[in-house]
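Reader: I've got a chain open on my screen and a few questions about how it's put together. Mind walking me through it?

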Amino acid sequence: MARIRHIALSTQDPDKTAKFYIDVFGLKQVGRVDSPGASGYYLTDGDINLAILKFKSDAVAGVERGKDWSGLHHFGFQVDDLAAIAERLQAAGAPKRDDVNNALLGSSMGERRHGGNVEVKYSGPDGIMVDVSESGWIGTPSFNPKV
């Protein structure tokens with residue numbers, strides 16, 4: 001069974017947003033990002049990785065919202081088999097977001113990060129993107145960068 005292990009918020013003030021989740025809910029900072037595609041923080045509650053991101057380009061953010069949009073951006077499922085889940089996503093009519101995936105490849109936030117983590121984005125219902133990853137995300141109990 002796939003597990004939700006990652007949620008990404010798009011914000012115009014990642015410092016303020018990260019501080020809120022750290023101060024109010026006690027989340028721990030486990031990483032930072034400052035790439036050509038986005039800047040921000042990776043926080044965790046020990047089970048889920050929460051990315052607080054300020055996107056630097058509309059292409060990396062996805063043109064339907066763009067870099068200036070704030071709110072829920074995407075969430076990620078850790079899966080056992082990327083190929084099998086890709087087939088299920090296709091059968092469900094959830095197209096792969098090649099526009100965003102290709103834009104990310106040009107930055108250090110691309111499909112390969114966290115010691116080899118592979119994330120692939122798809123369009124889910126209601127306009128929310130979903131990530132799928134075999135290795136998971138830093139700050140989660142099942143994170144395995146060697147997958």
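Reader: What share of the contacts in the protein chain with a separation of 6 or more is between residues 24 or more positions apart?

Author: First, the ground rules: this is a predicted model, where local features need pLDDT of at least 70 and side-chain atom pairs count only at pLDDT 80 or more, while totals for chains, interfaces and linings use all residues. Residues are numbered from 1 along each chain as its sequence is written, and side-chain values use heavy atoms, with hydrogens and water left out. A contact means heavy atoms within 4.5 Å. For contacts with a separation of 6 or more, the share from residues 24 or more positions apart is 60%.

Reader: In which order do the elements of the protein chain run from the N terminus on?

Author: Helices (H or I, at least four residues) and strands (E, at least two) are DSSP runs, numbered from the N terminus. There are four helices and eight strands in the protein chain. Their order is β-α-β-β-β-α-β-α-α-β-β-β.

Reader: Why does the radius of gyration of the protein chain agree with a compact globule?

Author: The radius is taken over C-alpha atoms, and the globule rule is 2.2 Å times the number of residues to the power 0.38. For 147 residues that gives a value near 15 Å, so the protein chain agrees with its own 14 Å.

Reader: Which element gives the largest share of the largest nonpolar core?

Author: Such a core is a set of buried Ala, Val, Leu, Ile, Met, Phe, Trp, Tyr and Cys residues joined through side-chain atoms within 4.5 Å; buried means under 20% relative accessible area, with a 1.4 Å probe and protein chains only. The largest one has 12 residues, including A8, V33, Y42, F55 and M129. Two or more residues each come from strand 3 (38-44), strand 4 (49-55), helix 2 (58-61) and helix 4 (98-105). The largest share, three residues, belongs to strand 4.

Reader: And how many residues are in the second, separate core?

Author: Among its members are V79, A94, V120 and V130. The count for this second core is 10 residues.

Reader: Is G76 buried or exposed?

Author: G76 sits in strand 5 (residues 71-78). Leaving out residues up to four places away in sequence, G76 touches R3, I4, R5, H6, D131 and W137. Its relative accessibility is 0%, so G76 counts as buried.

Reader: What distance separates the C-alpha atoms of G76 and K121?

Author: Along the chain, G76 and K121 are 45 residues apart. Between their C-alpha atoms, the separation is 8.5 Å.

Conventions:
Buried < 20%, exposed > 50% of the residue type's maximum accessible area, 1.4 Å probe, protein only.
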